[in-house]
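Hi,

Here is the model I promised to send over. Have a look at it first, and my notes follow below.

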Amino acid sequence: MELLFTMLIPLILAGTALYAMARRVDVYDALLCGAKDGLSVLLRIVPALVALLPAVYMLRASGALELAAEALGPVLSALGIPAETVGLMLVRPVSGSTALGVGAELISSYGPDSLVGRTAAVMLGSTETTFYTIAVYFGAAGIVKTRYAVPAALCADLAGFLAAAWAVRLLFPA
Amino acid sequence: MAMAAIWTGMVVVSILCGLARGAGPQVAAAAMEGAGAAVELCLAMAGVLCLWMGVMEVMRRSGLAEGLSRLLRPVLRVLYPDFARDREVMDSISANVSANLLGLGNAATPLGMRAAQLMSRRSPGVASDSLCMLVVCNTASIQLIPTTVAGVRVAAGCQTPFDILPAVWLASVLSVSTGILAARLFSRVWR
């Protein structure tokens with residue numbers, strides 16, 4: 001099982017290439033085009049991270065994040081969520097790049113294979129920037145009365161955070 | 001403007017909190033350190049991110065997204081009963097979901113917006129149950145391979161950046177199901 005997940009990525013690479021060859025797609029050209037798109041994604045992330053990481057580092061150095069973690073710690077640990085991730089959970093629905101900055105800081109300072117680092121990574125990977133998405137979709141459709149969309153979306157976020165913490169504990173027992 | 005308030009708030013809170021706890025010098029140093037760390041992070045994750053964007057482009061060109069859409073259609077008819085017979089809406093929704101699954105965010109958003117516009121014709125200005133369902137499903141992440149996160153883990157020195165995949169899938173499934181359940185439940189009581 002573990003070998004399967006280690007080999008999953010190379011297997012996806014090979015599978016995709018073989019399938020594309022069978023469909024007569026120029027695999028190499030597509031790879032290069034996609035990689036170039038990757039650079040433009042990066043180019044969009046760089047300014048946001050350069051603005052946000054100093055603010056995140058300052059928050060951390062000031063002890064404000066620790067205070068928040070201490071305040072909410074008992075509730076969070078009762079739910080099985082590492083208290084260190086409190087900042088990430090607060091910004092995740094509001095701003096994608098801020099969440100990426102906060103998450104990257106947790107992953108690098110606690111280590112990518114630590115409980116906190118893994119939980120932060122799974123939280124980032126299994127949730128979205130809820131308020132941004134709601135604004136874009138309802139804006140496009142000209143919706144004024146959003147009814148229960150916001151509370152239902154926040155329920156999904158909350159479930160995502162809880163599930164992320166539980167899944168990491170379950171799949172990576174310390 | 002929301003981001004302006006968030007950013008300013010973060011900086012002001014750190015300065016006040018840092019001064020109150022006697023950590024002023026550390027806060028000052030952290031600002032410069034963060035700017036450098038941002039560029040290092042981007043450089044370190046560039047490789048993984050670009051490689052996966054390349055693989056996704058191969059998947060897109062080989063028609064994997066259309067195949068996924070066809071597989072998803074029966075499930076989506078159950079989720080959006082009011083539009084099950086509307087070909088145009090169902091096409092947009094299934095293309096939106098399959099683009100989301102493959103992590104093609106740039107393709108998924110316009111498709112979802114089109115579905116939202118088409119749906120809103122029946123009830124202008126008010127979010128119908130189906131439209132709420134569409135939005136809730138899009139606010140929950142269902143990306144099969146979270147490339148940016150994997151890039152961040154590689155940047156932090158991780159050897160096996162994708163070992164969190166089963167955990168991500170489990171958390172995503174629970175999160176999306178909760179959203180769908182909540183939307184169905186609220187639709188009965190919220191008028």
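On the interface: 86 residues of chain B are in contact with 88 residues of chain A, where contact means that the C-beta atoms of two residues, placed from the backbone, lie within 7 Å. Before you read on, note that this is a predicted model, so local features need pLDDT of at least 70 and side-chain atom pairs count only at pLDDT 80 or more, while totals for chains, interfaces and linings use all residues. Residues are numbered from 1 along each chain as its sequence is written, and chains are lettered from A and ligands numbered from 1 in the order in which they are written.

Which elements of chain B give two or more residues to the side that touches chain A? They are α1 (2–20), α2 (24–61), α5 (105–120), α6 (129–139), α7 (147–155) and α8 (165–189) of chain B. Of these, α2(B) gives the most, with 24 residues. By residue type, that side of chain B divides into 57 nonpolar, 23 polar and six charged. (Ala, Val, Leu, Ile, Met, Phe, Trp, Tyr, Cys and Pro count as nonpolar, Asp, Glu, Lys and Arg as charged, and the others, Gly among them, as polar.)

One helix pair across the interface is worth pulling up on your screen. Helix α7 (residues 130–141) of chain A packs against α5(B) at an angle of about 45°, and their axes are 8 Å apart. The axes here are lines fitted to C-alpha atoms, for helices over the stretch in contact, and angles run from 0 to 180 degrees between N-to-C directions. That makes α7(A) and α5(B) oblique to each other; angles under 35 degrees count as roughly parallel, over 145 as roughly antiparallel, 65 to 115 as roughly perpendicular and the rest as oblique. The crossing of α7(A) past α5(B) is right-handed, i.e. the near helix is turned clockwise from the far one by less than a right angle. On the α7(A) side, the residues are A:V136, A:Y137, A:A140 and A:A141, and they meet B:T109, B:G112, B:M113, B:A116, B:Q117, B:M119 and B:S120 in α5(B). The residues of this contact come to seven nonpolar, four polar and no charged.

A single residue to click on is A:A55, in helix α2 (residues 27–62) of chain A. Is A:A55 buried or exposed? A:A55 is buried, because 24 other C-beta atoms lie within 10 Å. (Buried takes 20 or more other C-beta atoms within 10 Å of a residue's own, exposed 12 or fewer, and partly exposed is in between.) Apart from its neighbours within four places in sequence, A:A55 is in contact with B:W7, B:M10 and B:V11. Within chain A, the C-alpha atoms of A:A55 and A:T98 are separated by 9.4 Å, with their positions 43 residues apart along the chain.

Now the chains themselves. Chain B has eight helices and zero strands, and chain A likewise has eight helices and zero strands; helices (H or I, at least four residues) and strands (E, at least two) are DSSP runs, numbered from the N terminus. The C-alpha trace of chain B spans about 65 × 45 × 25 Å along its principal axes, and that of chain A about 60 × 50 × 30 Å. As for burial, 50% of the 191 residues of chain B count as buried, and 47% of the 174 residues of chain A do.

Cheers
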